[in-house]
Amino acid sequence: MKRAIYIATLVVAILLGVLLPDIAYAQIDAAALARAQRRGENTSLGGANPFATGEEGDGEQGDSTKTRRLRKPLESYYFNDSIRALTNFMWTVDRDMNNAKVMPLDTTLMNWRIDYPYFLKGVGDMTLGGLGQSTLPFNYFDRSQNPDFSFSRSYDAYTYRMDNIPFYNSKTPYLHFTYLESGQKRYKEEHFEITTTHNVSPSTSFNVNYKARGTKGLYDWQRTSNHNLSVAFAHTGKRYSLHAAFINNRIKQRENGGAVGVWAVADTTYEHPSGVPMKLADAEAHNSYRNNSFFVKQAYVIPLQRVTDYDFSLADLSAIYVGHVFEYNAWSKLYTDRYAKFTNERGEIDENGEYVPTEGEYYRDWYISPTESRDSIRERVVSNRIFIDAQPWDRDGAVGRLGGGVGLDMYAYSQFRLEDYISGKYNVDKKSAWYAYGAVSGKVKQFADWGADIKFYPSGYRGGDLYLNAHIALQAKIRNHPVILRGEFSQTRQSASYWEENLFSNHFVWFNSFSKENETRFKVSFEIPDRALELSLWQGVVSDKIYYDANSIVAQESDAISLTSLYARKDFRIGGFHLDHRVLMQWSTNQEVIPVPLCSAYLSYYYEFWVEKKKVLRMQIGIDGRFNTKYYAPSYNPALAEFYNQRDYEIGGYPYLDAFVTAKWKRMRIFLKYQHANFGLLGNGEYFTVAGYPQNPGMFKMGISWGFYD
């Protein structure tokens with residue numbers, strides 16, 4: 001029955017997208033003409049239309065009583081005049097409300113040297129070492145709080161989701177590809193991506209994005225492949241908008257369990273990194289993920305004022321938007337291994353001070369089979385949301401947007417349990433959750449931008465969950481330089497994820513009933529963009545925190561934990577020299593539950609210059625460095641695909657340096673880098689960011705990125 005409901009919902013969503021018309025009024029009144037003149041627009045359609053064909057006066061003179069029909073420019077309530085004037089731009093859509101976040105296409109040299117996506121924000125993430133593998137942000141306040149399929153959180157830097165699917169608008173067809181590789185063919189890392197987008201009309205476009213990233217593995221049993229595909233369609237008309245996309249994420253990762261000890265990396269020299277002994281190398285452990293997702297988001301605007309051909313956008317008019325969102329998201333995870341022990345050559349020290357080898361087992365328990373594991377779990381979420389978004393005056397008014405909606409999420413969870421092995425049947429646990437949400441936002445000229453939103457689950461599976469957010473940004477100018485002061489607040493009351501309360505696998509079994517996790521956050525930031533200066537302060541208090549303890553068992557801490565983060569970014573420029581600095585300081589009142597390093601830093605020093613007088617070829621030559629202080633860094637459990645709070649040893653205090661040369665010639669960017677340039681030369685030899693998982697040793701990388709706009 002529910003399968004029929006899913007299919008019917010999908011059919012209705014598609015029919016609505018096809019049948020709803022994009023209607024425009026034909027009348028032109030004096031008020032609309034005055035609005036266009038106040039905005040400084042050219043009120044001559046023929047002169048302002050960048051999509052018009054032919055020139056005035058070409059060919060025979062037609063009948064003067066007939067109106068010449070011109071191809072209309074981009075007409076959309078999402079984009080203002082400055083955005084519509086761009087040759088190419090991209091945007092993402094909000095999951096709940098009728099919002100779009102516009103971003104320029106990045107074809108500059110600014111961050112081209114940073115090839116790992118998880119290093120682009122702040123001071124970056126801690127990582128298992130190879131491209132495509134699991135990561136966790138150093139900054140606690142950047143870590144995902146999404147309760148859906150928690151096993152995929154560590155791949156957020158790679159995967160496509162509804163909130164990060166890119167949509168494009170381009171006046172000419174756009175094609176862009178990137179290819180990077182490093183190391184010997186047998187062990188190399190590869191990064192390939194291609195984007196193609198085309199506008200069928202000024203307001204209708206489709207695009208395809210594909211990324212393949214991974215490593216064959218410098219260390220034993222490290223091979224990883226990460227494939228991400230999105231096929232998207234967008235229509236952003238004056239009255240009607242439609243965003244739809246299909247997403248496919250596939251991840252395959254060999255799990256080696258990390259080095260048998262810090263000594264195997266810090267105190268021992270091997271002919272090749274593949275000689276470093278790994279805990280699960282003989283167990284042939286694998287994790288395989290599959291994700292298929294589809295969504296359709298559509299909205300129709302009902303203007304409260306007369307609309308004319310001079311109004312390319314309804315952002316300046318009073319209006320009401322009515323919309324619907326359908327989302328289907330299915331994840332599966334398969335973990336396999338076989339029983340095998342590992343040998344730690346320095347497991348113990350005898351009475352003579354000599355090292356004594358010891359044998360160990362990575363997993364303590366084997367509940368289903370004593371020889372091999374095959375743990376399969378699946379999660380499916382089907383969402384329907386209906387929203388109303390009112391624009392009382394105009395989008396940039398003191399109360400620019402006011403709206404809300406209701407939604408229904410239907411969940412299906414599948415995993416094998418002991419009784420399923422006996423009966424041969426695959427049981428599915430089905431749940432549903434209702435919720436209501438609302439949002440309000442506005443602007444006070446160019447001086448203040450504010451907003452707030454709330455989501456509440458009154459009943460059902462997540463009954464009582466609450467998400468409250470508010471923000472305000474104040475802007476002023478000092479000596480003609482913009483100065484921005486931002487404030488953010490959030491209050492979250494969230495149920496544990498399904499898998500934190502229900503799991504039956506070969507190595508871990510639990511059936512928990514946890515209290516809701518409560519967290520309050522404040523953030524204050526100060527920015528001077530023209531001076532490349534940013535200062536941020538986070539303060540958070542969390543109670544009933546759910547985490548994975550030193551034995552990889554999910555647990556809950558009832559006492560309140562306070563967290564403080566201070567972040568500073570300052571980039572200096574002296575002629576062609578760039579000195580970029582990002583530093584993060586963190587304090588946690590309970591390091592056993594939420595361990596964070598006291599200091600994490602990313603520094604980049606480089607020289608940027610034009611190679612010749614014609615200013616066609618621009619280059620950067622420099623070095624990047626990353627560092628964090630010693631602390632009990634989390635480790636990673638392959639069977640759970642989760643980071644857990646080990647307490648055996650501290651790691652850190654190692655500077656990780658990359659030397660690079662990048663260049664941009666017209667639309668092509670070139671990339672040369674020697675990663676981990678200080679390998680074996682500088683530092684304490686403990687080049688870990690996740691306990692037990694060494695970073696890659698020194699290796700050479702090269703790559704190219706090329707964009708075609710016609």
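Q: Is Arg338 buried, exposed or partly exposed, and what is its relative accessibility?
A: Buried means under 20% relative accessible area, exposed means over 50%, and partly exposed is anything in between. This is a predicted model, and in it Arg338 is found in strand β12, residues 319-338. Arg338 falls in the middle class, so it counts as partly exposed, at 37% relative accessibility.

Q: Which residue, 34 places from Arg338 along the chain, has its C-alpha atom 3.9 Å from that of Arg338?
A: Leave aside the neighbours within four places in sequence, and Arg338 is in contact with Asp282, Ala283, Glu284, Trp366, Thr371 and Glu372. The one sitting 34 residues away, with the C-alpha atoms separated by 3.9 Å, is Glu372.

Q: Which residue's backbone oxygen does the side chain of Ser205 reach?
A: Ser205 lies in strand β8, residues 204-215. Because its relative accessibility is just 2%, Ser205 counts as buried. Not counting residues up to four places away, Ser205 touches several others, including His198, Phe233 and Tyr168. At 2.7 Å, its side chain reaches the backbone oxygen of Tyr168.

Q: How many residues does the largest nonpolar core have?
A: In soluble globular proteins, nonpolar side chains tend to be buried together. Here, Ile165, Phe167, Tyr289, Trp499, Ile594 and Tyr636 have the most contacts inside the largest such core, and its residue count is 115.

Q: About how much accessible area does the nonpolar surface patch with Leu537 have?
A: Leu537 is found in strand β24 and is partly exposed, at 38% relative accessible area. Its partners in the patch include Ile472, Val524 and Trp587, and the patch's residues together have about 660 Å².

Notes. Residues are numbered from 1 along each chain as its sequence is written. This is a predicted model: local features need pLDDT of at least 70, side-chain atom pairs count only at pLDDT 80 or more; totals for chains, interfaces and linings use all residues. Side-chain values use heavy atoms; hydrogens and water are left out. A nonpolar core is a set of buried Ala, Val, Leu, Ile, Met, Phe, Trp, Tyr and Cys residues joined through side-chain atoms within 4.5 Å. Buried means under 20% relative accessible area, exposed over 50%, partly exposed in between (1.4 Å probe, protein chains only). Patches are made of residues with over 30% relative accessible area and no salt bridge: like charges are joined within 9 Å, nonpolar side chains (Val, Leu, Ile, Met, Phe, Trp, Tyr) within 5 Å. Accessible areas come from the Shrake-Rupley method with a 1.4 Å probe; for residues, only the protein chains shown count as cover. A salt bridge is a side-chain nitrogen of Lys or Arg within 4 Å of a carboxyl oxygen of Asp or Glu. Helices (H or I, at least four residues) and strands (E, at least two) are DSSP runs, numbered from the N terminus. A polar contact is a pair of N or O atoms within 3.5 Å; within protein, one must be able to donate a hydrogen and the other to accept it, and residues adjacent in sequence count only if both atoms are side-chain atoms. Contact means heavy atoms within 4.5 Å.
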